[in-house]
Amino acid sequence: METLSGRANGTATPYDGGNGEAVDWHAEGPGRRVGYDDLTAIDWSFEYHKERQRRRLLARASTPTTSGLAVLLLGRARRLLDAGQVWVVLVLTGVAAGGLAGAIDVVGDWLADLKDGYCASQSTDGGAFYLSRGFCCLGYDEGAQCDGWRSWAAVVGVRSPGVAWFVQYLFFVGWSVGLAASAALLVREYAVYARHSGIPEIKTLLGGFVMRRFLGPWTLVTKSLGLCLAVASGMWLGKEGPLVHVACCCANLFIKLFPNINNNEARKREVLSAAAASGISVAFGSPIGGVLFSLETLSYYFPDKTMWQSFVCAMTAAFVLQVLDPFRSGKLVLYQVQYSSGWHAFELVPFVLLGVLGGLYGGLFIKANMRVAEWKTVHAGRLPGPVTQVAVVALLTALVNYPNFYMRAQASELVSSLFAECSTLVEDPFGLCRTGAATAGTIVLLLFAAVLGFCFAAVTFGLQIPAGIILPSMAIGALWGRAVGLVLEIGQRRYPDSLAFQACEPDRTCITPGTYAIVGAAAALAGVTRVTVSIVVIVFELTGALTYVLPIMVAVMLSKWVGDAFSRRGIYEAWIARNGYPYLDSSEEAVAALPPDLTASHVMTRAQDLVVLTAVGHTVASLQHVLDARPAHRGFPVVSSDVRNALLLGYISRAELAYTLHAAIQPPRSLPPATTAAFFVHQPQADPHTSLDLRPWMDQTPLTLPSAARLHLVVSYFQKLGLRYVLFSDRGVLQGLLTKKDVCYLLDSADGLGRPRMDRGPVESPIDLDESIL
């Protein structure tokens with residue numbers, strides 16, 4: 001044990017507890033706190049204790065007293081306004097999320113159509129350059145010549161079909177690379193946190209981690225604009241995951257208007273959980289699915305009140321998007337479909353096959369994506385910069401996408417056509433429903449597009465660009481699902497009297513390939529994210545087909561089981577581990593992987609390996625030297641002056657210690673650092689004008705357990721209470737320390753999943769001297 005002490009003489013001074021009342025710091029308590037440092041964990045129990053104290057004072061003001069009726073009514077009005085603040089934030093967040101989602105849809109479609117041509121303002125239809133092809137040609141039947149839309153080949157003046165195809169090819173590639181590079185440049189220059197999906201960081205943040213600027217205004221603007229550019233580039237990425245990040249950024253901005261919420265990290269995370277639900281709601285047009293997605297995937301702490309708040313926020317966002325109607329089709333998303341036919345018992349076999357394929361896809365995709373990320377890390381010195389990497393991948397993607405008819409279109413348009421039921425289809429841009437479309441050639445093209453999409457998505461997800469993986473996974477699953485449906489359709493037409501198709505009614509459609517596409521999409525999404533219930537609900541809300549819930553449930557269940565055979569982590573958890581975020585898995589399966597007979601003494605950092613502070617014997621200068629010499633330490637146990645029997649007195653975090661030392665040497669106190677004594681216990685003979693009492697800033701009641709406590713119990717404390725650290729003592733004597741980050745590493749090791757070593761930035765505790773957060 002490294003014990004740090006100096007000299008001391010001083011007394012305690014009463015401090016204000018922040019509520020206008022004198023506080024007796026001779027009594028034990030959790031201590032005062034300052035704001036959390038960047039990339040550190042919050043103390044959930046302290047935050048909720050602080051909120052209970054605030055509510056108690058607010059309730060006291062509305063209790064009948066002798067002060068009069070006016071004071072009583074004023075106090076109750078304050079309580080009502082206080083309770084309504086969170087609902088104002090939720091409604092404003094829903095409105096903003098719905099509005100931004102609609103704007104991203106409109107702008108993204110316009111930019112995507114620029115790869116093919118533009119809407120001429122000189123046309124007789126009253127077109128304008130800022131209109132997408134859909135709005136420019138609104139009212140035209142499929143196949144009709146749209147006078148207002150001009151392709152780039154027509155602009156150049158090329159009439160030969162072969163040369164025109166080549167000109168269109170060049171413009172398609174040029175626009176794709178330009179849009180993708182612009183998005184990457186925005187991220188690099190203005191907000192690096194706007195990259196990727198944002199869901200791994202949202203999960204970590206909701207788990208109690210502080211990430212400054214991740215939800216800032218620059219991140220919101222960059223993410224929104226970059227998402228429009230990235231989606232329009234035609235790369236294999238989606239906007240569904242990033243919309244969760246956008247919604248949380250909106251909520252964070254509105255939270256700042258209300259200090260009661262903004263100053264409490266626990267309440268803030270409850271609101272952010274609700275905002276995340278609104279992001280999924282506008283991404284899929286699925287309010288209930290959004291609430292369940294937040295509950296199942298994103299939120300670490302999800303009480304009953306948060307579910308109701310999530311529902312209100314998700315419903316508001318979906319309502320605003322419905323009112324805006326960005327597609328002028330009455331649909332919240334482009335690939336909403338309705339099915340009029342049911343399914344037969346024999347179709348369970350191909351549905352099971354799609355579930356297995358979804359699990360295989362998820363497991364292989366995560367491994368491939370992680371291998372690409374590891375390869376880029378190993379060869380970082382020889383690779384070009386992030387903007388160049390994005391441009392190169394966009395170039396390769398565009399070169400391959402354009403010749404393949406299915407890959408050339410936007411992913412949302414492709415998924416919409418693959419999901420469609422031919423009997424109700426109005427437009428068929430891919431020719432999937434025309435007579436004779438069910439051929440071996442079509443099946444081969446669909447499967448080829450699925451394989452290429454897998455490769456491009458594995459490389460794209462992880463680039464320095466706003467990019468989600470939900471829509472690409474759905475597109476890949478829909479491609480092979482439609483292919484399986486076409487195989488069955490061909491078989492049923494050729495052998496209608498076979499035993500397998502006896503349940504089919506004559507002169508009626510028996511096989512609907514679109515249903516196989518949506519089951520395949522659900523299975524692929526479940527395989528890559530390991531999400532189950534919310535996916536089933538989202539797909540149900542997309543299709544409105546209650547009869548297909550059972551096949552979707554079977555496919556999703558099998559997909560998760562097969563995917564778990566590769567690894568228990570989904571793609572978001574894999575990236576959390578890849579980035580080294582201290583996200584503590586709260587599932588029971590994580591604890592079950594630990595050896596049952598392991599105790600805390602086997603894994604804790606023992607007292608002799610810790611740096612501790614003695615109760616007395618310090619000066620302001622000596623404590624400042626401790627902080628300067630150990631920048632990686634996030635806190636220090638405080639023990640009695642008798643080193644041989646180091647009785648545990650408390651724990652002080654680095655932030656609180658640094659703050660009070662700095663405040664002591666600044667006006668109005670202006671204490672001399674070299675001679676001012678500092679102490680952590682009551683000193684009755686100390687002069688309050690020449691000493692510094694650190695008890696108000698020390699946690700005098702830290703959670704302690706005996707060193708013989710079962711490790712299962714210790715991990716459960718971290719999971720259920722949201723602790724940052726646990727101190728171990730036997731008969732009051734300090735034995736060791738375990739931090740949240742230690743538990744994260746421990747669970748990963750028990751599960752056979754390594755977490756990368758980190759080598760820069762602050763750490764959570766003295767145990768992690770060589771580890772930090774990326």
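**Salt bridges in a predicted model**

Let me begin with one residue, D38, which at 22% relative accessibility counts as partly exposed, where buried means under 20% relative accessible area, exposed means over 50%, and partly exposed lies in between, computed with a 1.4 Å probe on protein chains only. Please keep in mind that this is a predicted model, in which local features need pLDDT of at least 70 and side-chain atom pairs count only at pLDDT 80 or more, while totals for chains, interfaces and linings use all residues. Residues are numbered from 1 along each chain as its sequence is written, and side-chain values use heavy atoms, with hydrogens and water left out.

D38 forms a salt bridge (a side-chain nitrogen of Lys or Arg within 4 Å of a carboxyl oxygen of Asp or Glu) with R213, and their closest N and O atoms are 3.9 Å apart. D38 lies in the loop between β3 and α1, and R213 in the loop between α6 (199–206) and α7 (217–232), so the pair ties together parts that are 175 residues apart in sequence; helices (H or I, at least four residues) and strands (E, at least two) are DSSP runs, numbered from the N terminus. R213 itself is exposed, with a relative accessible area of 60%.

Turning to helix α1, E51 and R55 both lie there, four residues apart, about one turn of the helix, and they form a salt bridge with closest N and O atoms 2.9 Å apart. E51 is buried at 6% relative accessible area, whereas R55 is partly exposed at 39%. Both belong to a network of salt bridges that links E51, R54, R55, D82 and R267.
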